[in-house]
Amino acid sequence: MTRADVGLIPGEVLSAGGILYLVAFSGLALFSAIADRKDYLERDLPYPDAFH
């Protein structure tokens with residue numbers, strides 16, 4: 001972890017920030033996908049094409 005240091009910022013802090021970033025945006029993507037699926041089911045709409 002000492003090789004991951006950037007100036008005065010320890011590598012542990014940078015790694016924790018990276019993990020927090022990944023978890024936050026993965027959660028946002030999952031929430032968005034669930035909300036879209038719920039919306040399509042409630043409105044009885046066909047799912048969009050994968051290539052759309």
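**One helix and its side-chain pairs**

Phenylalanine 25 is a good place to drop in: its relative accessible area is 49%, and it counts as partly exposed. Bear in mind as you look around that this is a predicted model. The cut-off matters here, because exposed means over 50%, and phenylalanine 25 at 49% is therefore labelled partly exposed. Tyrosine 21, at 52% relative accessibility, does count as exposed.

These two residues belong together for another reason. The structure holds one aromatic pair. Its members are tyrosine 21 and phenylalanine 25, with ring centres 4.9 Å apart and planes at 55°, so the pair is tilted. Why tilted and not edge-to-face? Edge-to-face needs planes over 60 degrees apart, and stacked needs them under 30, so 55° falls in the tilted class. As for how the rings come to meet, tyrosine 21 and phenylalanine 25 sit four residues apart in helix H1, which puts about one helical turn between them. An α-helix has 3.6 residues a turn, so residues three or four places apart point the same way.

Now zoom out to the helix itself. H1 covers residues 11-43, and the protein chain has one helix and zero strands. H1 has 33 residues and reaches 48 Å from its first C-alpha to its last, close to the 48 Å expected at 1.5 Å a residue.

The overall dimensions tell a similar story. Along its principal axes, the C-alpha trace spans about 55 × 20 × 15 Å. The chain has a radius of gyration of 19 Å, whereas a compact globule of 52 residues would come in near 10 Å. How much of the chain is buried? Just 2% of the 52 residues count as such. The accessible surface comes to about 5,000 Å², and carbon and sulfur atoms own 67% of that.

Some of that surface is a nonpolar patch made of Tyr21, Leu22, Phe25, Leu28 and Phe31, with about 600 Å² of accessible area together. So both partners of the tilted aromatic pair are also patch members. Leucine 28, another member of the patch, is found in helix H1 as well.

Follow the helix towards its C-terminal end and charges come into play. Side chains of opposite charge can pair when their charged atoms come close. The structure holds one salt bridge, and its partners are aspartate 39 and arginine 43, whose closest N and O atoms are 2.9 Å apart. The spacing is familiar: aspartate 39 and arginine 43 are four residues apart in H1, or about one helical turn. Aspartate 39 is partly exposed at 31% relative accessible area, while arginine 43 is exposed at 57%.

What happens to phi just after H1? Aspartate 44 takes a positive value there, about 55°. Most residues other than glycine have a negative phi, and most peptide bonds are trans. Aspartate 44 shows its positive phi as a residue other than glycine. It lies in the segment after H1 and is exposed, with a relative accessible area of 68%.

Proline 46 lies in the segment after H1 too, and at 65% relative accessibility it counts as exposed. To see where that segment goes, check its distance from the helix: the C-alpha atoms of proline 46 and valine 23 are separated by 30 Å, with the two residues 23 apart along the chain.

Definitions and conventions. Residues numbered from 1 in each chain as written. Predicted model: local features only at pLDDT ≥ 70, side-chain atom pairs only at ≥ 80, totals over all residues. Heavy atoms only, no water. Phe/Tyr/Trp six-rings, centres within 6.5 Å; stacked < 30°, edge-to-face > 60°. Helix = DSSP H or I, 4+ residues; strand = E, 2+ residues; numbered from the N terminus. Buried < 20%, exposed > 50% of the residue type's maximum accessible area, 1.4 Å probe, protein only. Salt bridge = Lys/Arg side-chain N within 4 Å of Asp/Glu carboxyl O. Patch = residues over 30% accessible without salt bridge, like charges linked within 9 Å, V, L, I, M, F, W, Y side chains within 5 Å. Areas by Shrake-Rupley, 256 points an atom, 1.4 Å probe, with all protein chains shown as cover. Rg over C-alpha atoms; globule rule 2.2 N^0.38 Å. Expected span 1.5 Å × (residues − 1).
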